[in-house]
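Let's work through a few short exercises together. Have your viewer ready, and try each task before reading its solution.

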Amino acid sequence: MTDGERRRSIYRPPWRFDLVVRPGVPRLISDADLIEACAATLSAAGAPAPAALAIVLTGDAEIAELNAVHLGEQGPTDVLSFPLLPPEAFPPHEPDPDRGESPTVVAGVRLPSEGFVLPPGRRTHLGDLVVSVERAIDQATGGRGGQRGDQRWAPADELRLLVVHGTLHLCGWDHADPDEAAAMRRLERRLLGLEGTDSD
């Protein structure tokens, strides 16, 4: 642990969150609000439980280095997800009720997958989530935030979006496919309480 780095494990059954905040990273929202957003996303995505994940809040320099090493991309990005489970470990993604598909979400919580069985007494590690708080602030205040990258809003709201978005990636969601990207945006909006607004 470096000087000024903050680490803590936060339990929100059935999840454990290992939160790491790098030195100098500003606090935009409380740890409890951050964990609540992540926990709600894990529940909605049907993540196997009990489970754990690590969340690292950092700046542009560290995330740019991770982006280059792991993705071969130059420069900082806003969020990186490093999943440890394959997409098949999660239930199928949310169907679109507007198309007449059967929902797998009840009261905002995805029904659990019947095909994934945890070893007794073990907590599955889902992976690591790394967020650049510096990027969140820059995007939010510069009008490059939100789901479409064209919104000016509070940096705290941008950070929540990035945590929800990155957690969905940990749970096997991928926005490369247009249909899945649309479903992912709808789920993000629901989790962030943005339904019925024009903030996407």
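The exercises below use a predicted model and go from the whole chain to single helices.

**Exercise 1. Describe the overall make-up of the protein chain.**

Step 1: Start with the secondary structure, which comes to five helices and seven strands.
Step 2: Read the elements from the N terminus on, and you get β-β-α-β-α-β-β-β-β-α-α-α.
Step 3: Turn to burial: of the 200 residues, 46% count as buried, where buried means under 20% relative accessible area.
Step 4: Finish with the surface, where the chain exposes about 10,100 Å²; carbon and sulfur atoms supply 52% of that area.

**Exercise 2. Check the length of helix H5 and look at its two ends.**

Step 1: H5 covers residues 178-191, which makes 14 residues.
Step 2: The expected span is 1.5 Å times one less than the number of residues, so H5 should span 20 Å.
Step 3: The end C-alpha atoms of H5 are 20 Å apart, which agrees.
Step 4: At the N-terminal end, Asp 177 acts as the cap, with a side-chain oxygen 3.1 Å from the backbone nitrogen of Asp 179.
Step 5: Just after H5, Gly 193 has a positive phi of about 70°.
Step 6: Buried residues of H5 include Ala 181, Met 184 and Leu 187, and also the charged-group carriers Glu 180, Glu 188 and Arg 189.

**Exercise 3. Describe how H1 packs against H4.**

Step 1: Two packed helices are described by the angle between their axes and the distance between the axes.Step 2: For H1 (residues 31-44) and H4 (residues 155-170), the angle is about 35° and the axes are 9 Å apart.
Step 3: The crossing of H1 past H4 is right-handed.
Step 4: Among the residues making the contact are Leu 34, Ala 37 and Cys 38 of H1, together with Leu 159, Val 163 and Thr 167 of H4.

How values were computed
Residues are numbered from 1 along each chain as its sequence is written. This is a predicted model: local features need pLDDT of at least 70, side-chain atom pairs count only at pLDDT 80 or more; totals for chains, interfaces and linings use all residues. Side-chain values use heavy atoms; hydrogens and water are left out. Helices (H or I, at least four residues) and strands (E, at least two) are DSSP runs, numbered from the N terminus. Buried means under 20% relative accessible area, exposed over 50%, partly exposed in between (1.4 Å probe, protein chains only). A polar contact is a pair of N or O atoms within 3.5 Å; within protein, one must be able to donate a hydrogen and the other to accept it, and residues adjacent in sequence count only if both atoms are side-chain atoms. Accessible areas come from the Shrake-Rupley method with a 1.4 Å probe; for residues, only the protein chains shown count as cover. Axes are lines fitted to C-alpha atoms, for helices over the stretch in contact, and angles run from 0 to 180 degrees between N-to-C directions. A crossing is left-handed if the near helix is turned anticlockwise from the far one by less than a right angle, and right-handed if clockwise. Contact means heavy atoms within 4.5 Å.
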